[in-house]
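Me: Please take a close look at one helix of this chain and the loops on either side. Then carry on outward to the rest of the structure. Short sentences, please.

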Amino acid sequence: MKLYAPSYYKDFKCIADKCAHNCCIGWEIDIDEISLEKYKSLKNGYGPTIMNSISLEDTPHFKLCKGDRCPHLDENGLCKIILNYNKDYLCQICAQHPRFYNYTTEAEVGIGMSCPESARIILTSQNYDEIIEVGRIDEDPIDIDFDGRVLRGEVYQILKNTTQGYENNLEAIYSKYQIDKKNDSYWLEILDTLEYLDNESKLLFQNYSSKKRPRGKEKYQERFLAYFIYRHCTEAVDYEDFCKRLSFCLFCERLLASLIYNEDDLDKIVDIARIISAEIEYSEENTSFLTY
Ligand code: SF4
């Protein structure tokens, strides 16, 4: 079926050795069956090194090296599997990262914000609501009763209303979908119990306060929120589920607003958005703790 994406999707290209937070550091990469068979068949050259770097315990995965680096990341930040073979030899997770997919009656793809280059593109692109065809995907459409894209479009329409300002648009969304913001201590307690990749993030997130609403950075908050809605609300199974997911996205927006309150440097704002994404939405457990 056809594959769609926000128009900024076509601007993404991995910046590899220029990346400050390379995705080949800190994550344990699971290897799919097809790639594992491919690696097993490489009897010469770099092939045996690849096999020696794989743990076959539970789900096969690459054993991380010192500093939690992928064993195939070289000192220049490049992938030795690509250098020795080509991109077709990457396992599925590496080949797809940072892409994610939404499946409804059509397929959509997006770029995940835990990648610094994606975060930069998402926060600096205006037209998050411009969805374009980017190719085809070998999947069948899903038979659904509820289409999250319709409500997503409604929320985007409110966000894009230029007559009353961003904060009023947000209040209109809270009110229309009856989202309870809950009090700050409720959220601070949950933030304290999350699992963190980096303990520094835990300290950073303790700065959460719903009262910290920055001025002049609304466009970044709006684009951040639109990305979360695209990623998390599209596959909602009914209205109630959509509102639950929307509430999670709005909490993440309030967290971003709190953390960029005293921050004017765009690079720092992008980095904070990346940290929120990596710590929260890339952990199913953390996401579920924050969704009610
Ligand atoms: S985080 Fe993004 S830009 Fe950096 S190496 Fe990974 S895909 Fe490339």
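**One helix and its surroundings**

Reply: In this predicted model, start with the length of helix H10, residues 218-232. At 1.5 Å a residue, its 15 residues should span 21 Å. The C-alpha atoms at its two ends are 21 Å apart, so the expected span and the model agree. As background, an α-helix has 3.6 residues a turn, so residues three or four places apart point the same way.

Now ask how H10 sits. Of its 15 residues, 13 are buried, so the rest of the structure largely encloses this helix.

Go back along the chain, into the loop between helix H9 (199-205) and H10. Ser-210 lies there, and so does Arg-215. Their surroundings can be read from accessibility. Ser-210 has 25% relative accessibility, so it counts as partly exposed. Arg-215 has 76%, so it counts as exposed. The cut-offs explain both labels: exposed means over 50%, buried means under 20%, and partly exposed is in between.

What does Ser-210 touch, leaving out residues up to four places away in sequence? Its contacts are Asp-184 and Arg-254. Arg-215 can be placed by a distance. Its C-alpha atom is 9.9 Å from that of Asn-262, and the two are 47 residues apart along the chain.

Next, leave H10 at its other end. The loop between H10 and helix H11 (239-259) holds Ala-236. Ala-236 has 4% relative accessibility, so it counts as buried. Beyond four places in sequence, Ala-236 touches Phe-146, Asp-241, Phe-242 and Arg-245. Leu-246 is 10 residues from Ala-236 in sequence, and their C-alpha atoms are 9.7 Å apart.

Two other helices show how a pair can pack. Helix H6 covers residues 148-159 and helix H7 covers 166-176. Their axes are 8 Å apart and meet at an angle of about 150°. An angle over 145 degrees counts as roughly antiparallel, so H6 and H7 are roughly antiparallel to each other. Which residues meet in this contact of H6 with H7? From H6 come Glu-154, Val-155, Ile-158 and Leu-159. From H7 come Tyr-166, Asn-169, Leu-170, Ala-172, Ile-173 and Lys-176. By class, the contact has 7 nonpolar, 1 polar and 2 charged residues.

Now take Ser-210 as a bridge to the ligand. Its C-alpha atom is 32 Å from that of His-97, a residue 113 places away along the chain. His-97 is one of the residues around the ligand. The others around it are Cys-14, Ile-15, Cys-19, His-21, Asn-22, Cys-23, Cys-115, Pro-116 and Glu-117. By class, this shell has 6 nonpolar, 3 polar and 1 charged residues.

His-97 has another feature. The peptide bond from His-97 to Pro-98 is cis, with omega near 5°. Pro-98 lies in the loop between helix H4 (92-96) and strand E4 (99-103).

The loop between strand E1 (2-6) and helix H1 (33-40) holds Ile-29, and Ala-16 lies in that loop too. Ala-16 is not a glycine, yet its phi is positive, near 40°. Its relative accessible area is 23%, so Ala-16 is partly exposed. Ile-29 has 11%, so it is buried. Which residues does Ile-29 contact, leaving aside neighbours within four places in sequence? They are Pro-60, His-61, Phe-62, Cys-91, Ile-93 and Cys-94. Ile-29 is also 25 residues from Ile-54 in sequence, with 9.8 Å between their C-alpha atoms.

Finish with Asp-58, in the loop between strand E2 (54-55) and strand E3 (61-62). Asp-58 also has a positive phi without being glycine, here near 50°. With a relative accessible area of 77%, Asp-58 is exposed.

Back to the starting point. H10 is largely enclosed, since 13 of its 15 residues are buried. Arg-215, in the loop before it, counts as exposed at 76%. Ala-236, in the loop after it, counts as buried at 4%.

Conventions: Residues are numbered from 1 along each chain as its sequence is written. This is a predicted model: local features need pLDDT of at least 70, side-chain atom pairs count only at pLDDT 80 or more; totals for chains, interfaces and linings use all residues. Side-chain values use heavy atoms; hydrogens and water are left out. A residue is near a molecule or strand if one of its heavy atoms lies within 4 Å of it. Ala, Val, Leu, Ile, Met, Phe, Trp, Tyr, Cys and Pro count as nonpolar, Asp, Glu, Lys and Arg as charged, and the others, Gly among them, as polar. Axes are lines fitted to C-alpha atoms, for helices over the stretch in contact, and angles run from 0 to 180 degrees between N-to-C directions. Helices (H or I, at least four residues) and strands (E, at least two) are DSSP runs, numbered from the N terminus. Angles under 35 degrees count as roughly parallel, over 145 as roughly antiparallel, 65 to 115 as roughly perpendicular and the rest as oblique. Contact means heavy atoms within 4.5 Å. The expected span of a helix is 1.5 Å times one less than its number of residues. Buried means under 20% relative accessible area, exposed over 50%, partly exposed in between (1.4 Å probe, protein chains only).
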